[in-house]
Amino acid sequence: MTASPTPTPRPRPRTRPRARTATVRRLALAVCLTAAAALTAGCRDDTTPAWEYPRLAATLDSLSAALAQGCATPDPDHCAARLDRLDTLARRAFAEVLDHRLLDQACLTAESEVRRARTLRLAATAQAQAQGQGQVRQDPRHPALEQARRAVAAEQAAYRRLLAALENVRTAPPPGVPAQPV
């Protein structure tokens with residue numbers, strides 16, 4: 001006798017589990033996309049917050065480099081050209097701060113100190129020139145030359161304070177923005 005084949009049970013349609021699988025897959029895809037977007041947004045250079053101003057940073061870097069070079073000789077006439085270059089860079093940086101509406105009291109105070117020191121330097125240089133070029137050049141300890149040197153040093157110190165105030169304003173977060181990126 002031959003055995004009759006056992007009928008194989010007919011598979012039941014799996015509509016419900018497939019629907020769950022598709023929903024789970026969609027949910028997993030949405031979670032992956034959200035995580036990827038969060039990682040992409042969080043992977044920026046956190047040492048440079050979004051509110052820093054690159055053009056202002058470049059101007060302040062130029063000002064800092066010019067200030068670091070300083071005056072190669074103690075001659076106030078030689079330093080005048082370098083300080084005038086500093087003045088041009090400082091005016092450009094100050095204008096950029098005004099453009100971005102970042103101004104604060106420290107910047108205004110530092111700017112007025114620079115203007116005062118510049119006025120004193122110009123007056124001291126004019127006085128040294130009025131007292132006679134030959135006499136001043138022969139004696140490096142001449143009072144007019146010493147006064148001009150002190151005025152140059154005071155102006156350089158004022159530029160350093162202005163640079164620090166502008167850098168502080170540039171790196172400070174705007175109101176309403178958290179200080180530390182999340």
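Helices here are DSSP runs of H or I with at least four residues, and strands are runs of E with at least two. By that count, the protein chain of this predicted model has 6 helices and 0 strands. From the N terminus the order reads α-α-α-α-α-α. A search of the whole structure finds 11 salt bridges, and eight named residues below belong to one network of them.

**Overall fold**

- The protein chain holds 182 residues, and 29% of them are buried.
- Take the contacts between residues at least 6 apart in sequence: 78% of these join residues at least 24 apart.
- The chain exposes about 12500 Å². Carbon and sulfur atoms supply 59% of that area.

**Helix 2**

- Helix 2 covers residues 54-69, which makes 16 residues.
- Its expected span is 22 Å, because each residue counts for 1.5 Å. The end C-alpha atoms lie 23 Å apart, in agreement with that value.
- The buried residues of helix 2 are Leu56, Ala57, Thr59, Leu60, Leu63, Ala66 and Leu67.
- An α-helix has 3.6 residues a turn, so residues three or four places apart point the same way.
- Gly70 follows helix 2 and has a positive phi, near 60°.

**Leu163 and its partners**

- Leu163 sits in helix 6.
- Leu163 has a relative accessible area of 14%, so this residue counts as buried; the cut-off for buried is under 20%.
- Setting aside neighbours within four places in sequence, Leu163 is in contact with Leu60, Leu63, Ser64 and Leu67.
- Of these partners, Leu60, Leu63 and Leu67 are among the buried residues of helix 2.
- Leu163 and Ala90 are 73 residues apart along the chain, with their C-alpha atoms separated by 8.0 Å.

**Salt-bridge network**

- Side chains of opposite charge can pair when their charged atoms come close.
- A network of salt bridges links Asp84, Asp87, Arg91, Glu111, Arg115, Arg118, Arg121 and Glu155.
- Within this group, Arg118 bridges to Asp84, with the closest N and O atoms 2.9 Å apart. The pair links distant parts of the chain: Arg118 is in helix 4 (residues 105-130), Asp84 is in helix 3, and 34 residues separate them.
- Arg118 is buried because its relative accessible area is 17%. Asp84 is partly exposed, at 33% relative accessibility.

**Asp87, a buried acid in the network**

- Asp87 belongs to helix 3.
- Its relative accessibility is 7%, so Asp87 counts as buried.
- The side chains of Asp87 and Arg115 are joined by a polar contact of 2.6 Å.
- Beyond neighbours within four places in sequence, Asp87 is in contact with Arg115, Arg118 and Tyr159.
- Arg115 and Arg118 also appear with Asp87 in the salt-bridge network.

**Salt bridges within helix 6**

- Helix 6 spans residues 143-171 and includes both Glu146 and Arg149.
- The side chains of Glu146 and Arg149 form a salt bridge, at 2.7 Å from N to O.
- The two residues are 3 apart, about one turn of the helix.
- Glu146 is partly exposed at 27% relative accessibility. Arg149 is also partly exposed, at 25%.
- Arg170 forms a salt bridge with Glu167, and the closest N and O atoms are 2.4 Å apart.
- Arg170 and Glu167 are separated by about one helical turn, because they are 3 residues apart in helix 6.
- In this pair, Arg170 is buried at 9% relative accessibility, whereas Glu167 is partly exposed at 25%.

**Nonpolar surface patch**

- Leu98, Leu103 and Leu108 form a nonpolar patch on the surface. Together they have about 230 Å² of accessible area.
- Leu98 lies in helix 3, which covers residues 76-99.
- With 42% relative accessibility, Leu98 counts as partly exposed.

Key
Residues numbered from 1 in each chain as written. Predicted model: local features only at pLDDT ≥ 70, side-chain atom pairs only at ≥ 80, totals over all residues. Heavy atoms only, no water. Buried < 20%, exposed > 50% of the residue type's maximum accessible area, 1.4 Å probe, protein only. Contact = heavy atoms within 4.5 Å. Areas by Shrake-Rupley, 256 points an atom, 1.4 Å probe, with all protein chains shown as cover. Patch = residues over 30% accessible without salt bridge, like charges linked within 9 Å, V, L, I, M, F, W, Y side chains within 5 Å. Salt bridge = Lys/Arg side-chain N within 4 Å of Asp/Glu carboxyl O. Polar contact = N/O pair within 3.5 Å; in protein donor to acceptor, adjacent residues only side chain to side chain. Expected span 1.5 Å × (residues − 1).
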